[in-house]
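Student: I've got a model open and would like to walk through it with you. Can we start wherever you like?

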Amino acid sequence: MTAPAVGAECPPRRYAHTSVQLFRFSAVSWNAHRIHYDAAYAATEGFPDAVVQSTLHGEMLSRHALEWAGPGARLESVAWRNVATAVAGERLTWAATVSSVEGARVRLDARILKADGSECVTGTVEVTRAG
């Protein structure tokens, strides 16, 4: 990878979480709230399917930033804000813009977008690229 430039757009990553992923993430994160793994229960609270955990969104911001940064990259920090709910099977897109570069350290303004282009999550991720 060539050195990133401030303002450069990272290639978007498209994905959807399955209900099995949400169940497993709830298990490993000790999140017992039923809206995250029981679609019928989530419907009683007004959701169309099992709800994606906020911490899974943060994990996806980090994962895709590290993939973009390349092998050996190290996560320095991540911060995010959930601005809309996402559910199992919903098409999501990770997108990011390089906001600063200091040597090997790169800061990204990252977001997760819904299929209609509206923001689901906004945040920042800092990574250090391998030498």
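Tutor: Sure, and keep in mind that this is a predicted model. Let's begin with a hairpin: strands E4 and E5 form one, with 4 residues between them.

Student: Which residue in the turn of that hairpin has a positive phi?

Tutor: Look at the 4 residues that sit between E4 and E5. The one to pick has a phi of about 90°. That residue is Gly117.

Student: Over how many bridges do E4 and E5 pair?

Tutor: The two strands pair in the antiparallel sense. One of the bridges joins Arg107 to Glu126 in E5. The count for E4 and E5 is 9 bridges.

Student: And which residue in E5 is the bridge partner of Ser77?

Tutor: Here you need the pairing of E2 with E5 (residues 119-128), which is antiparallel over 8 bridges. Val78 has Val125 as its bridge partner in E5. For Ser77, the partner in E5 is Glu126.

Student: Is E5 largely enclosed or left open by the rest of the structure?

Tutor: Count how many of its residues are buried, using under 20% relative accessible area as the cut-off. In E5 that holds for 8 of the 10 residues, so the strand is largely enclosed.

Student: Which strands stand at the edges of the sheet?

Tutor: This is an open sheet of 5 strands, antiparallel in its pairing, with the order E1-E3-E4-E5-E2. An edge strand has a single partner strand, so one side of it is left without a neighbour in the sheet. The edge strands are E1 (13-15) and E2 (74-82).

Student: What angle does the direction of H3 make with that of E2?

Tutor: Helix H3 packs on the sheet. It touches E1, E2, E3 (92-102), E4 (105-114) and E5. Against the direction of E2, that of H3 makes about 140°.

Student: Back to E4 for a second. Is Lys114 buried or exposed?

Tutor: Lys114 is found in strand E4. Its contacts include Ala84, Glu90, Leu92 and Cys120, leaving aside residues up to four places away in sequence. The relative accessible area is 16%, and the cut-off is under 20%, so Lys114 counts as buried.

Student: What does the side chain of Lys114 reach at 2.5 Å?

Tutor: Among the residues that Lys114 touches are Thr85 and Ala86. The 2.5 Å distance runs from the Lys114 side chain to a backbone atom. That atom is the backbone oxygen of Thr85.

Student: Now helix H1. Why do its buried residues line one face?

Tutor: In H1 (residues 19-28), the buried ones are Leu22, Phe25 and Ser26. Seen down the axis of H1, they fall within an arc of 100°, so they line one face. In general, residues three or four places apart in an α-helix point the same way, because there are 3.6 residues a turn. The arc to remember for H1 is 100°.

Student: Which helix is included in what covers those buried residues of H1?

Tutor: The face turned away from the buried side carries the exposed residues Arg24 and Val28. For the buried residues of H1, the cover includes helix H3 (54-69).

Student: Which residues form the aromatic pair?

Tutor: A search of the whole structure finds 1 such pair. It is edge-to-face, at 6.0 Å centre to centre and 80° between the planes. One partner lies in helix H1 and the other in the loop between H1 and helix H2 (39-44), 14 residues apart. The pair is Phe23 and Tyr37.

Notes. Residues are numbered from 1 along each chain as its sequence is written. This is a predicted model: local features need pLDDT of at least 70, side-chain atom pairs count only at pLDDT 80 or more; totals for chains, interfaces and linings use all residues. Side-chain values use heavy atoms; hydrogens and water are left out. Buried means under 20% relative accessible area, exposed over 50%, partly exposed in between (1.4 Å probe, protein chains only). The arc is that of the directions from the helix axis to the C-beta atoms. Contact means heavy atoms within 4.5 Å. Rings of Phe, Tyr and Trp (its six-membered ring) pair if their centres lie within 6.5 Å; planes under 30 degrees apart count as stacked, over 60 as edge-to-face and the rest as tilted. Two strands pair if DSSP finds at least two bridges between them. Axes are lines fitted to C-alpha atoms, for helices over the stretch in contact, and angles run from 0 to 180 degrees between N-to-C directions. A polar contact is a pair of N or O atoms within 3.5 Å; within protein, one must be able to donate a hydrogen and the other to accept it, and residues adjacent in sequence count only if both atoms are side-chain atoms.
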